[in-house]
Amino acid sequence: MAQIQLRAQRTPARDSRPAAGRSRVRPTYAAVDLDALAHNLHVVTAAAGGAPVLAVVKADGYGHGAAAVAQRLEAEGAFGFGVALAEEALALRALGVRRPIVILNGVHGAAHAEIVDARLTPVVYDPGEVEAFARAVACRRDERPFGLHLKIDTGMARLGAFGQTLDATLRAIEQSPGVFLEGVLTHLATADTDRDFALEQLVRFELSLATIRARGHRPRWVHASNSAATLMLPEARYDLVRPGIALYGYGAGPAPTVARLRPALRVCTEVVALRDLPAGAPVGYDCTFTTRRPSRIATLPVGYADGVRRAASNRGVVLIEGRRCPIAGRVSMDLLSIDVTDAPSVHVGSEAVLIGEQGGARIEANEVASWADTTAYEVLTGVSVRVPRVYLGAAGPSAPAG
Ligand SMILES: Cc1ncc(COP(=O)(O)O)c(C=O)c1O
């Protein structure tokens, strides 16, 4: 991903476009507000009763740029970081992140030695993985015991040990000098949509924890809470919480808490062409939009290759001059046509906001998601690598949100 660290100061609300980004690259960029991330970390920590936060920064920090997100949240006091993949964890460590990094999906390649060397924390859920780590540890001179987190499948039915696999995985840990059970986790399928099912999962988790403890293990870190559970299900809090989406400013939870979260991503570009068309003129591929009146159509240099959902064709809006202006016709790979007939002051160079605020109006990732029958998760992680990330806000820690 192209990353541009342009300035340490927040720019004025009206136009947060860093001047250098405007002149050197195409005008499309994603501004990541690091102060908003820090603020959200403090909101989430307060909602979790002060529990340590393992900030989930997989998928390049939900599209915000894992390196910058992790560095800022580390400075703000995050306990550690959760990623999906070994390569994400290795990249963060290589960048100098010192806090614990948990590889939540486990390790599916052959990077066990590198993971041990980098003192990362793999999740395991089968005996073969435990043995692979035990072999990697045995080959190293490092005498320190190597911690593993054991994932329990309590109802998500994707990854995790249960029944005989749980027994076999525990036996492998018990028979492997050099590794120990540092943590136990599960993942909830319905923390935001079905509290009863989430509680059922926690009952199964408790049964597994009882088995684990009865065999003499004393895991230091038991964890189960994604964002929704962190904000709504204190029963799932255990020793640390594991939020992702809430840190980026979205998610489900009690209205006052959700209202305090600040979306951290703003995706913008600018008008590169304008044309006046008579009534009855077609616009874009397949002519799916025809002007009903004399119309002004603006062209934006952004398209589905940047992450604009094609399903937003003739459905979505962008903000220009503080107005919600409709997408006219098909979203194409690199370009977007916007009906700006009702925004007469629009000119070539006018800023267009695809996600974020402008002039008091706002488009959130949830709304963008609704045009494509998807979620804010997919919208945020879908802003493509072609869109440069520009970081706003202080590089160091800020005062906790009041
Ligand atoms: C294992 C695990 N924990 C925590 C999270 C964070 O979830 P959320 O972004 O809903 O907070 C995820 C994300 O999918 C995950 O896979």
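In this predicted model, strand β6 (residues 121–124) and strand β7 (residues 146–151) run parallel and are joined by 2 bridges. Within this pairing, Val 124 is found opposite Leu 150 of β7. The two strands belong to a wider arrangement: an open sheet of 8 strands with parallel pairing, which can be followed in the order β3-β4-β5-β6-β7-β8-β9-β10. Because β3 (54–56) and β10 (240–241) each have a single partner strand, they form the edges of the sheet, and one side of each lacks a neighbour there.

Helices accompany these strands. Helix α5 (residues 86–94) packs on the sheet, where it touches β4 (80–83) and β5 (101–103), and its direction makes about 165 degrees with that of β5. Helix α9 (residues 195–214), in turn, lies across β7, β8 (179–185) and β9 (221–225), and runs at about 170 degrees to β9.

On the scale of the whole chain, the domain assignment gives domain 1 (34–247) and domain 2 (265–363). The C-alpha centres of domain 1 and domain 2 are 42 Å apart.

It is helpful to look next at the interior. The largest nonpolar core has 125 residues, among which Leu 336 and Ile 338 touch the most other members. Helix α2 (residues 34–47) supplies the largest share of this core, 6 residues. At least three residues of the core come from each of domain 1 (34–247) and domain 2 (265–363).

Beyond its neighbours within four places in sequence, Ile 338 has contacts that include Arg 296, Ile 297, Val 318, Cys 325 and Ala 328. A second, separate core of 6 residues includes Ile 297 and Ala 328, along with Leu 277 and Ala 281.

Terms used
Residues are numbered from 1 along each chain as its sequence is written. This is a predicted model: local features need pLDDT of at least 70, side-chain atom pairs count only at pLDDT 80 or more; totals for chains, interfaces and linings use all residues. Side-chain values use heavy atoms; hydrogens and water are left out. Two strands pair if DSSP finds at least two bridges between them. Helices (H or I, at least four residues) and strands (E, at least two) are DSSP runs, numbered from the N terminus. Contact means heavy atoms within 4.5 Å. Axes are lines fitted to C-alpha atoms, for helices over the stretch in contact, and angles run from 0 to 180 degrees between N-to-C directions. Domain bounds come from an automatic or database domain assignment. A nonpolar core is a set of buried Ala, Val, Leu, Ile, Met, Phe, Trp, Tyr and Cys residues joined through side-chain atoms within 4.5 Å. Buried means under 20% relative accessible area, exposed over 50%, partly exposed in between (1.4 Å probe, protein chains only).
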